[in-house]
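Work through the exercises below with the model open beside you. Try each task before you read its solution.

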Amino acid sequence: MPTTTAPRICPLCEATCGLTLTLDGTRVTGARGDRDDIFSRGFVCPKGASFGELDADPDRLRSPLVRVDGALREATWDEAFDLVARRLPPLVAAHGPNAVAVVLGNPNVHTMAGALYPPLLLGALRTRNVFSASTVDQMPKHVSCGLLFGDAQAIPVPDLDRTAHLLIVGANPLDSNGSLCTAPDFPGRLKALRSRGGTLTVVDPRRTRTARLADRYVPIRPGTDALLLAALAQVLFAEDLADPGALAGHLEGVDRVAAAVRDFTPEAVAAACDVEPGTIRAMARELAAAPCAAVYGRVGGSTVAYGTLTNWLVDVLNVLTGNLDRPGGAMFPLAATAPAPRPAGPGRGFALGRWSSRVSGHPEAKSELPLAALAEEIDTPGDGRVRALVTIAANPVLSAPDGDRLDRALDRDLDFMVAVDPYLNETTRHADVVLPPPPPSQTAHFDFAFNHFAVRNQVRYTPAAVPLEEGRMDECEIHARLVLAATGAQGTPPDAVDALAIDRALAKAAAQPHSPAHGMDPAAFAARLTGRTPAERRLDLMLRLGPYGLTLEDLLAHPHGIDLGPLRPRLPQVLKTRSGRVELFPEPIAADLPRLRAALADPAPPLVLVGRRHLRSNNSWLHNVPALNGGTNTCTLQVHPDDAARLGLRDGAPARVKGEGGEVEAPVEVTDAVRRGVVSLPHGWGHDRPGTRLSFAATRPGVNVNQLLDGTRLDPLSGTAVLNGFPVEVTPVG
């Protein structure tokens, strides 16, 4: 067959770069950056370049698996869904909806199916036991934005292409490619900032690739970012540099913030942060003096004891310098599938703790419970115990604290488990039913989630590059049939799930005065929808109801995307607080600040651990691709030379790392990339458990850093696990 090419949006990280796939018949033989892509302009990283190898991974499951007499065997799709229908609804009927827990993993947000169908499954199951990767990654940002703006999805992103000053806290976008900031070619954008005379400041306990690019690098003590940011705010107030400008009319609580940070002077926080007072004052003055600036924080500032306070202070600084919602500052993207903007005015606001977990009483945040609590919800006896589990593209045995306990709970205490996953991994090996989606080349792609965090408004859609292979099932159909089987409607045509979703969306839109469908007959509106699949019809509906009046046909006519322009100011329309204003000092934040103030007197542990990102990886789910393993993508314990000498550690020799939840052994990498008193292990490794089918990952298993934690260290407001800045002991082995 002749060689052809096809455009494809990369689904392997948040950058969403455009790819050009080279096809030999139906086999992907190459992938390069799409130079015509309106957003990424030809940029590609090693993950995107390895698309073909990932797509053809021989360990990807081709058929469903069902457990028979204790062992998993291949089955037909009907057999798999019949087993779900026989086992799951009776459990719910006998023990109630909360007997089922659902875990949504990180890859879930990289697919169309993962965006469209889990909300329908959760709505049908009515369980409050919902867990996701968010509480080991980004929930503090959602909570802080929910409290500030009334909407947990209203997350401002740095306007990278126009800013003159960028302050990065706990993020390494040159390796992560960006997070909650969708920006293809993040390295090029930072270099462009420097080229136009802008300033880059990076705060991080590791001298990362991003830090090496910075004008000012601040090697902070891990876990103290909130103290540093509070001191920056204190300097702005104390030196009369706070100037919200045009934002002033949209704010309430500025004076209360000033009073709250009064004690966090540079001198007061210097010892805890290990940052000189003069450096802190210079940072605050530079931020205030810049013609436009943005403060951006990510994983390093979220997965710490004060994660929500850190993320709140990021946007407090954006507000106090007048940089929230202005070009070159931190702005709110407007995705093509977002609902049409409603008129400005008060909303329902955002609430925390509407219910709590059964065992430890952890409050919900954004309708989720902490992933760290999943094991105890399964293995602790009593009414309301989780008896059944549905995982979608999730591997919590490696991503949640104390994976050994969860591993045991999945093995001994569950009555039934179903997994939607292409691999038999450390978690899915426990499932009674595994439903494998097809490879990404056989799947259409639209970024429902990441366009809400994009640094430029744009929209792109790529149909499947090759036809669905015989015996495979489209991922959207898998999810639709799972909804039916899990709720006692097995045998109903799967299209009915999408038809119901469309009917509900149109009925709601028709009743909203600001909607393009207001006052229209829902059936007549639905008849206009186009698309070859139910998922395409739903995408077409969301585009038509969205802020730009686009259609699916518009996207198909522009295979490299449609540019919708730079980010534009959106206040006050974006606000959904009860006051209709930015509530700068919400009560949950005020109640948590004494805990931060007490940290000023806490002695620094002798040695703490932080994680790290790899450009060739994404959590636990790319370690089975040979092309993405090697180079810097190795599971080593990074140690500063002075600490190595003090502890008797040798480069390349094994070391034992002990934490509150257990211990692991890893080879030492002596490097001055980490500051003194800090060691670093990457996240997502530990591929050494029996019963998996990850043949290449098993040859380089690494160790599970989260096994060092027992799950008790959480940010109280968001329920996010403390994965960075926790104390450890390190000793040489042998």
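**Exercise 1. A helix and its two faces**

Task: Check whether the length of helix α13 agrees with its number of residues, then find which residues of α13 are buried and which are exposed.

Solution. Keep in mind that this is a predicted model.

Step 1. Helix α13 runs over residues 277-289, which makes 13 residues. At 1.5 Å a residue, α13 should span 18 Å. The C-alpha atoms at its ends are 18 Å apart, so the length agrees.

Step 2. Look for residues under 20% relative accessible area. In α13, P277, I280, M283, A284 and L287 are buried. Around the axis they cover an arc of only 125°, which means they sit on the same side of α13.

Step 3. Recall the helix rule: there are 3.6 residues a turn, so residues three or four places apart point the same way.

Step 4. Turn to the face of α13 that points away from the buried side. G278 and A289 are there, and they are exposed.

**Exercise 2. A covered helix**

Task: Repeat the length check for helix α10, and say how many of its residues are buried.

Solution.

Step 1. Helix α10 covers residues 225-238, a run of 14 residues. At 1.5 Å a residue, α10 should span 20 Å. Its end C-alpha atoms are 20 Å apart, so expectation and model agree.

Step 2. Count the buried residues. In α10, 12 of the 14 are buried, and the helix is mostly covered. Among them are D225, L228, A231, Q234 and L236.

Step 3. Look just past the helix. D240 takes a positive phi of about 60° there.

**Exercise 3. Salt bridges across the sequence**

Task: For the salt bridges D37 with R460, D407 with R429, and R676 with D642, find how far apart in sequence the tied parts are.

Solution. The whole structure holds 39 salt bridges. Take the three pairs in turn.

Step 1. D37 and R460 form a salt bridge, with their closest N and O atoms 3.0 Å apart. D37 lies in the loop between β3 and α1, and R460 in the loop between β19 and β20, so the pair ties together parts that are 423 residues apart in sequence. Both D37 and R460 are buried.

Step 2. In the salt bridge of D407 with R429, the closest N and O atoms are 2.8 Å apart. D407 belongs to helix α18 and R429 to the loop between β16 and β17, so this pair joins parts 22 residues apart in sequence. D407 counts as buried because its relative accessibility is 12%. R429 counts as buried because its value is 16%.

Step 3. R676 pairs with D642, the closest N and O atoms being 2.5 Å apart. R676 lies in the loop between β26 and β27, and D642 in helix α25, so the pair ties together parts 34 residues apart in sequence. D642 is partly exposed, because its relative accessible area is 39%.

Step 4. Some salt bridges link up. E239, E267, R281 and R285 form a network of them.

**Exercise 4. Empty space**

Task: Describe the lining of the second largest cavity and of the second largest pocket.

Solution. Rolling a probe the size of a water molecule over the atoms shows where empty space is left.

Step 1. Start with the cavities. The search finds 3 of 30 Å³ or more. The second largest has a volume of about 90 Å³.

Step 2. List its lining. It has 15 residues, and K141, P156, V295, Y296 and G297 lie nearest the centre. The elements giving two or more residues to this lining are β8, β13 and α15. Helix α15 gives the most, with 4 residues. By class, the cavity lining has 9 nonpolar, 3 polar and 3 charged residues.

Step 3. Now take the second largest pocket. It holds about 600 Å³ of space. Its lining has 31 residues, with P222, T224, P603, P605 and G725 nearest the centre. Two or more residues come from each of α12, α24 and β28. By class, the pocket lining has 20 nonpolar, 5 polar and 6 charged residues.

**Exercise 5. Far in sequence**

Task: Place N704, and say how far N704 is from D404 in sequence and in space.

Solution.

Step 1. N704 lies in the loop between β27 and β28. N704 is buried, because its relative accessible area is 7%.

Step 2. N704 and D404 are 300 residues apart in sequence. In space, they are 9.7 Å apart, C-alpha to C-alpha.

Technical notes. Residues are numbered from 1 along each chain as its sequence is written. This is a predicted model: local features need pLDDT of at least 70, side-chain atom pairs count only at pLDDT 80 or more; totals for chains, interfaces and linings use all residues. Side-chain values use heavy atoms; hydrogens and water are left out. On a 1 Å grid over the protein atoms alone, a cavity is a set of points where a 1.4 Å probe fits but cannot get out, and a pocket is an open set with protein on both sides within 12 Å along at least five of seven lines; lining residues have an atom within 4 Å of a point. Grid points are joined across faces, edges and corners, and a volume is the space filled by probe spheres set on the points. Ala, Val, Leu, Ile, Met, Phe, Trp, Tyr, Cys and Pro count as nonpolar, Asp, Glu, Lys and Arg as charged, and the others, Gly among them, as polar. The expected span of a helix is 1.5 Å times one less than its number of residues. Buried means under 20% relative accessible area, exposed over 50%, partly exposed in between (1.4 Å probe, protein chains only). The arc is that of the directions from the helix axis to the C-beta atoms. A salt bridge is a side-chain nitrogen of Lys or Arg within 4 Å of a carboxyl oxygen of Asp or Glu.
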